[in-house]
Amino acid sequence: MAEPLDPQTAGEIRKRSRTFFEAELDRYRDVSPPSIQDDAQTRRLLRSLPAPSGSKLVDIGCGTGIVASHLKRLFPQAAVCGLDISPKVIARARELDRTGSIEFVLATESELPFRDSVFASAVCRFSLHHYPDLPAHFREVRRVLKRKGIYLIVEVLPEAGRFQTMLNDVFAAAERESAGHVAYYSLEDFMDLLAPAKLKLRSVRPIPLQLKIGKYLSHCREIRKTPASFQKRISFEEGDDWFSVRLPAAGLFAEAE
Ligand SMILES: C[S@@+](CC[C@H](N)C(=O)[O-])C[C@H]1O[C@@H](n2cnc3c(N)ncnc32)[C@H](O)[C@@H]1O
């Protein structure tokens, strides 16, 4: 699971992610499962980041720039940059930037267009499960971070075992076709991936999410054109909200060695 995908599959996954988020752009701010974008939780995590005066911070897979704008408000003394794979998403992020001071750049996860050792902190919220080449991504993050800089990853974090397998076989597999999901990683997977890049996991802060299955599925049907294979496996009536699952997620703080 932690192996990079072959270049052709990686290219297809990136294209699907781009197409998916561009198609959803107009409803983007409320398009994720509702509890996923809990900004109070996110801000609590962001406050712990190193961001001294004059430093630079980057939001990777920034979407319309929600996290980047939190960073700018929390740390007005720092320069904030957002990066995303889609030109249309980047254009929308620029339009929505009320501070007018965030720099948004177009790039993929595995080739960060920055010089070495420039950032005090980097953040990636709910974007990493789209990345086809995590070893290259972490190498790049380490390269652009200053020593002792922090990479904060906010992600779904299943325990290794049956739940992770279910999540990857059902959810990630279905969303791979539509939205370019690759996989959800356990803590062990993250440690295996971060270590070779000389990123050391310092702390993990759980942020449990409630995913309402009925709402999620009608949302899938409405805009994600969920593949028939997925719909056959789970059949609920649209709008059924009697069943929700606790989706384990966390903020992982990794330090550049
Ligand atoms: C679920 S959205 C999260 C957006 C934002 N981080 C937030 O929390 O609101 C995922 C974002 O990652 C971007 N993305 C997907 N694959 C990417 C890749 N390989 N490289 C860079 N960005 C990517 C998408 O275009 C999308 O904007």
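**Loop, strand, core and ligand shell**

Student: Where in the chain is Phe-126 placed?

Tutor: This is a predicted model, in which local features need pLDDT of at least 70 and side-chain atom pairs count only at pLDDT 80 or more, while totals for chains, interfaces and linings use all residues. Residues are numbered from 1 along each chain as its sequence is written. Phe-126 lies in the loop (helices, H or I of at least four residues, and strands, E of at least two, are DSSP runs numbered from the N terminus) between β4 (119-125) and α5 (134-144).

Student: Is Phe-126 buried or exposed?

Tutor: Phe-126 is not a glycine, yet its phi is positive, near 50°. The class follows from counting other C-beta atoms, placed from the backbone, within 10 Å: 20 or more is buried, 12 or fewer exposed, and in between partly exposed. Phe-126 has 20, so it is buried.

Student: Is Lys-148 buried or exposed?

Tutor: Lys-148, in strand β5, also has a positive phi without being a glycine, about 75°. Because 10 other C-beta atoms lie within 10 Å, Lys-148 is exposed.

Student: Which strand gives the most to the largest nonpolar core?

Tutor: This core (buried Ala, Val, Leu, Ile, Met, Phe, Trp, Tyr and Cys joined through C-beta atoms within 7 Å) has 63 residues, and Tyr-151 and Leu-152 are among those touching the most other members. With seven residues, the top contributor is β5 (residues 145-156).

Student: Which helix supplies the largest share of the shell around the ligand?

Tutor: The shell (C-beta atom, placed from the backbone, within 6 Å) has 21 residues, with Gly-61 and Arg-125 among the nearest. At least two residues come from each of α1 (7-23) and α3 (66-74). The largest share, three residues, is from α1.
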